[in-house]
Amino acid sequence: MKTFEELFEILKNKFNEEEDISTHKEGNEDVILIAAPKINLVATFLKNEPELNFDSLILLTGVDDENGEKTTNEDGSFDLSGGTLSVYYHLESTSLKHKLILKTSVPRENPVCPSVALVWRGSDWHEREAYDLIGIIFDGHPNLSRILMPYDWEFGHPLRKDYKNPEFYNGMKVPY
Amino acid sequence: MGVLDKEFLQENFVVSNLDAVLKWARVASVWQTTFGLACCAIEMMATSASHYDFDRFGLIPRPSPRQSDLLIISGTVTLKMASRIKRIYEQMPDPKYVISMGSCSNCGGPYWEHGYHVLKGVDRVIPVDVYVPGCPPRPEALLEGLLKLKEKIANESLIKSA
Amino acid sequence: MTNIIESKLKTDEMVLNMGPQHPSTHGVLRVELKLDGEKIVKADSHLGYLHRCFEKHCEAMTYPQIIPYVDRMDYLAAMSNELGYVLAVEKLLKIEIPERVEYIRVIMAEFQRIASHLVALGTFGLDTGAFTPFLYTFRDREKILTLFELTCGARLLYNYIWVGGVSHDLHPDFIRLAKEFIEYFRPKVVELNELLTYNKIFIERTANIGVLPPELAINYGVSGPSLRGSGVKWDIRREDPYSIYDMFEFDIPVGEGLAGTTGDCWDRYYVRILEMEQSLRILEQALDQIPEGDVSAAVPKRVKPIDGISYARVENPKGELGYFIISKGGLQPFRVKVRPPSFVNLSVFSEIAKGHMVADVVAILGSLDIVLGEIDR
């Protein structure tokens with residue numbers, strides 16, 4: 001079992017560029033921020049290094065950070081431009097019993113993030129869900145398609161903060 | 001056994017009109033499609049299991065819609081599911097009945113406002129005969145809905161044109 | 001001779017669609033099977049037929065308002081869902097919980113575990129062709145629901161466990177009735193074993209079917225009885241104790257391959273039977289030790305947590321249920337993400353169904369014990 005500081009030290013020694021990896025405190029939890037292009041390398045290292053052995057991905061969360069420029073429309077809805085979308089990875093080692101939260105951010109206009117589906121196969125569906133609801137494109141995913149919404153849904157990604165619901169879908173009225 | 005073996009010792013016959021016999025048969029054997037959607041499906045299962053015992057009202061679950069008279073929409077209908085529900089309904093032979101069980105299938109229920117993927121009421125895709133309110137309705141409420149449906153069936157006639 | 005026939009007959013793979021209306025998919029799951037004769041070459045799951053937009057609702061509701069929606073995710077284990085959610089909120093709020101409340105929560109969660117397992121076992125029997133156990137398990141489940149009804153008035157979806165407490169205290173008769181139930185239920189487990197567990201036909205249908213190796217299970221993130229069926233001793237109640245689970249004595253049953261290979265459908269089934277007995281043990285201790293006290297002392301009037309993130313997890317009857325909440329200091333959460341155990345457990349299905357017969361699909365699905373409300377949210 002390793003503490004957060006020890007884990008960060010190991011990661012920092014391995015990937016020693018300052019701007020690629022840093023810590024961050026969100027409330028009571030410590031998070032390691034990682035530049036998006038590096039996420040696959042870090043994930044492979046975390047899983048395969050015997051003294052870390054993060055063999056299980058508990059959860060992968062996509063988030064719309066709502067930090068872009070807001071333009072309000074006449075009907076009260078708004079559009080966002082710029083800003084970021086983020087992905088949180090909750091990792092756990094079932095043998096060594098330590099946990100870690102990783103975070104990475106991608107720009108809203110070009111939300112491409114490397115996939116970790118080949119490292120932890122359980123992340124396959126989590127990544128599909130993040131793509132479906134938030135619209136983050138996971139590069140290298142074996143089958144990146146919608147999972148919860150209908151396959152022919154063409155009205156965007158519902159969990160984005162500026163999502164607008166359509167009036168009709170396949171002839172059915174959607175609003176109440 | 002009671003009345004039957006005391007009164008009908010010989011080969012007897014009973015006089016009745018065809019309409020009444022048909023109604024008697026139809027009211028007493030409503031076959032239901034085994035089809036659960038969401039939380040209400042669990043209450044529907046509980047209604048058909050030991051404690052509440054659907055069978056005593058002649059309700060027998062059939063796995064195929066082609067062999068059933070009644071479709072209980074037990075739960076939230078989503079946009080993805082709506083076309084399938086319509087298809088199941090169309091597979092059922094006439095005369096067919098629909099009970100909408102629970103708030104979700106009545107009107108969208110708790111998902112009416114922010115449910116971007118919830119159909120606000122199953123009656124937007126198929127006709128409904130009886131609405132049972134509740135979230136989820138208790139088994140007693142579903143039984144009440146079934147008795148209401150039986151009243152409706154008893155007031156119909158297959159022979160006389162309305 | 002056989003060689004000549006094989007070379008002349010050209011066979012194609014067939015696609016078979018199961019669901020969303022199918023009696024054995026436990027809801028509205030759709031499975032697309034690619035078959036070579038009776039053998040499964042590929043099994044794809046299609047989800048989303050019950051996608052009720054839970055996470056969008058969370059962003060529009062205040063923290064206490066979300067609790068009823070939480071109930072409607074895993075509707076077979078609403079109490080456990082509430083517990084997981086309020087733990088995540090309380091972690092953000094950092095409030096002290098009265099001891100009586102902790103006991104009530106544990107009692108409710110364990111009763112819920114038995115109730116959920118009873119449905120799982122009953123419907124598993126139904127899937128493999130045994131109708132009678134279903135009626136027996138529902139008879140016993142009905143008794144637990146009566147206890148819940150006594151406590152909070154609802155049978156299925158309770159809205160009972162609140163942030164900082166529970167909605168109201170136990171009924172004065174509750175402890176007595178609960179103890180009576182435990183006495184009543186102990187022999188019923190034996191009865192269920194005689195009815196189904198050691199039934200020859202049932203063993204034929206489930207032993208050596210859908211074997212899930214432990215390494216694969218961990219890589220996929222499978223948890224709960226499905227993971228323990230593969231022989232991995234992993235239980236959040238023991239590994240990462242929440243509430244007051246560290247105060248009770250209980251064992252963690254794991255699959256041992258008594259009927260076939262470790263990690264087959266029968267093992268996953270049997271782990272649930274053994275778990276019910278352990279739940280009874282926890283319940284007995286909790287009912288004996290429960291202290292008097294106030295149950296709503298810590299309920300805050302306005303739930304307004306600090307900026308930050310929190311992840312809390314509980315051992316749901318189906319596996320590890322986690323809530324990840326991002327707060328930006330407002331009355332509503334900025335983002336709530338659920339880690340639904342069934343979602344993760346189902347993702348391994350296509351892997352373990354390969355090479356089995358069509359009839360085994362229902363056995364494997366039944367043994368994973370999925371709930372679609374939670375998978376699709």
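A polar contact here is a pair of N or O atoms within 3.5 Å, where, within protein, one atom must be able to donate a hydrogen and the other to accept it. Keep that handy for the exercises, and remember that this is a predicted model.

**Exercise 1. Work out what the interface of chain B and chain A is made of.**

Solution.
- Step 1: get the extent. Chain B brings 12 residues into contact with 15 residues of chain A, and about 1200 Å² is buried between them, 68% of it on carbon and sulfur atoms.
- Step 2: find the big contributors. B:Leu79, B:Lys80 and B:Tyr116 supply 53% of the area that chain B buries against chain A, more than any other three residues.
- Step 3: count the pairings. There are zero salt bridges between chain B and chain A, while three residue pairs are in polar contact.
- Step 4: place the residues. Helix α4 (residues 79–91) of chain B gives the most to the side touching chain A, with three residues.
- Step 5: sort by class. That side of chain B has eight nonpolar, one polar and three charged residues.

**Exercise 2. Do the job again for chain C and chain A, and list the elements of chain C that take part.**

Solution.
- Step 1: the contact takes 42 residues from each of chain C and chain A, with about 3500 Å² buried between the two, 57% of it on carbon and sulfur atoms.
- Step 2: in chain C, the residues losing the most area to chain A are C:Asn219, C:Ile309 and C:Phe334, together 18% of what that side buries.
- Step 3: the count between these chains is eight salt bridges. One of the pairs across this interface is A:Arg121 with C:Glu351, at 3.0 Å from N to O. Polar contacts come to 18 residue pairs.
- Step 4: the elements giving two or more residues to this side of chain C are β3, α2, α9, β6, β7, β8, α13 and α16. Of these, β6(C) gives the most, with six residues.
- Step 5: by class, the side of chain C has 16 nonpolar, nine polar and 17 charged residues.

**Exercise 3. Take three salt bridges within chains and say where the partners sit: A:Lys164 with A:Asp79, C:Lys200 with C:Glu204, and C:Asp369 with C:Arg272.**

Solution.
- Step 1: A:Lys164 and A:Asp79 meet at 2.9 Å, N to O. The pair links distant parts of the chain, 85 residues apart, with A:Lys164 in the loop between β9 and β10 and A:Asp79 in strand β5. A:Lys164 is partly exposed at 36% relative accessible area, and A:Asp79 is partly exposed at 29%.
- Step 2: C:Lys200 and C:Glu204 have their closest N and O atoms 2.9 Å apart. Both lie in helix α8 of chain C, four residues apart, about one turn of the helix. Residues three or four places apart in an α-helix point the same way, because there are 3.6 residues a turn. Both C:Lys200 and C:Glu204 are exposed.
- Step 3: C:Asp369 and C:Arg272 meet at 3.9 Å, which passes the 4 Å cut-off. C:Asp369 is buried, at 2% relative accessible area, and C:Arg272 also counts as buried, at 2%.

**Exercise 4. Describe helix α7 of chain C, starting from where it bends.**

Solution.
- Step 1: the helix (residues 174–197) bends by about 25° at C:Phe185, and C:Pro187 follows within four residues.
- Step 2: C:Phe185 is among the buried residues of α7(C), as are C:Phe181, C:Ile182 and C:Lys188.
- Step 3: the buried residues pack against α5, α6, α8 and α12 of chain C.

Technical notes
Residues numbered from 1 in each chain as written. Chains lettered and ligands numbered in written order. Predicted model: local features only at pLDDT ≥ 70, side-chain atom pairs only at ≥ 80, totals over all residues. Heavy atoms only, no water. Bend = angle between axes of the 7 residues up to and from the residue. Buried < 20%, exposed > 50% of the residue type's maximum accessible area, 1.4 Å probe, protein only. Contact = heavy atoms within 4.5 Å. Buried area = accessible area lost by both parts, 1.4 Å probe. Salt bridge = Lys/Arg side-chain N within 4 Å of Asp/Glu carboxyl O. Polar contact = N/O pair within 3.5 Å; in protein donor to acceptor, adjacent residues only side chain to side chain. Nonpolar A, V, L, I, M, F, W, Y, C, P; charged D, E, K, R; others polar.
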